[in-house]
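With the model open in your viewer, please follow the stops below in order, selecting the named residues at each one before reading on.

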Amino acid sequence: MQCRILLPTRNLAFRLIVTFVASLLLLIMAINVYIFVLNPNVLLNRIMEEQVNNFVSSVHFDERGSPAGLHLDVDSEWIYSEFQKDLFYQIVDVSGKVLVASGSSRIAFSPDGKVFDPSVEKFHFMHNGLRLYAVNQPLQYADSNYYLQVATSDRLLDIFEFAN
């Protein structure tokens with residue numbers, strides 16, 4: 001006795017559904033390949049912009065209009081205290097003087113071998129033997145000339161991309 005599984009292969013509706021599902025899976029795979037393999041900067045830019053946007057709303061200013069610190073939630077404080085070699089934030093003035101920082105750095109982040117330029121928004125640099133990716137964004141507060149800088153190590157970004 002021979003057992004055969006009968007599939008409705010001649011049914012047009014069934015074939016259309018199978019074609020749709022296969023096309024959808026191929027599209028999802030193509031998007032993942034594009035984001036994680038061919039153009040990882042899309043994900044990198046999204047991560048960094050999200051960090052900067054979270055910090056911009058957390059900056060508090062003193063009565064003179066100077067940045068006095070950041071009001072971070074518990075999770076953000078924990079992340080920046082535990083990953084001190086891989087994650088940094090700081091607020092600098094137009095001359096590059098650090099006013100508020102997550103670490104001990106007292107100079108503004110800038111591309112390797114160059115002085116701080118507030119017009120440079122995204123760049124890489126070396127810090128303590130690690131390659132860091134940084135975003136520099138002006139703070140919108142009255143007529144201030146302050147900039148928020150957020151930096152993340154390439155190795156931490158690699159871990160994040162691997163986990164996703």
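Begin by selecting D62 and R64, whose side chains form a salt bridge in which the closest N and O atoms are 3.1 Å apart. Bear in mind throughout that this is a predicted model. Are the two partners buried or exposed? D62 counts as buried because its relative accessibility is 18%, under the 20% cut-off, whereas R64 is exposed, with a relative accessible area of 67%.

The count of salt bridges comes to three, and the next one to select is that between R155 and D86, whose side chains meet with 2.7 Å from N to O. This pair links distant parts of the chain, since R155 lies in helix α4 (residues 154–163) and D86 in the loop between α3 (74–82) and β3, 69 residues apart. If you colour by accessibility, R155 should appear as partly exposed, at 43% relative accessible area, while D86 is buried, at 8%.

Move then to R131 and D112, where the side chains meet in another salt bridge, at 3.1 Å from N to O. Here too distant parts of the chain are linked, with R131 in strand β6 and D112 in the loop between β4 (98–101) and β5 (122–127), 19 residues apart. Both ends are partly exposed: R131 has a relative accessible area of 36%, and D112 one of 41%.

From R131 it is convenient to show the whole of β6 (residues 130–138), which runs antiparallel to β7 and is joined to it by seven bridges; within this pairing, A134 stands opposite A151 of β7. Now add β3 (residues 87–93), which is likewise joined to β7 by seven bridges and runs antiparallel to it, with L87 standing opposite T152.

Select β7 itself (residues 146–153), and ask how many of its residues are buried. The strand is mostly covered, eight of its eight residues being buried. In a regular strand the side chains alternate between the two faces of the sheet. In β7, Y146, L148, V150 and T152 point one way, and Y147, Q149, A151 and S153 point the other way.

For the last stop, turn to the surface and select I17, F20, V21, L24, L25, L27, I28 and I31, which form a nonpolar patch with about 760 Å² of accessible area together. One of these residues, L27, lies in helix α1 (residues 12–38), and displaying that helix along with the patch makes a suitable place to end.

Conventions: Residues numbered from 1 in each chain as written. Predicted model: local features only at pLDDT ≥ 70, side-chain atom pairs only at ≥ 80, totals over all residues. Heavy atoms only, no water. Buried < 20%, exposed > 50% of the residue type's maximum accessible area, 1.4 Å probe, protein only. Helix = DSSP H or I, 4+ residues; strand = E, 2+ residues; numbered from the N terminus. Pairing = 2+ DSSP bridges. Patch = residues over 30% accessible without salt bridge, like charges linked within 9 Å, V, L, I, M, F, W, Y side chains within 5 Å. Areas by Shrake-Rupley, 256 points an atom, 1.4 Å probe, with all protein chains shown as cover. Salt bridge = Lys/Arg side-chain N within 4 Å of Asp/Glu carboxyl O.
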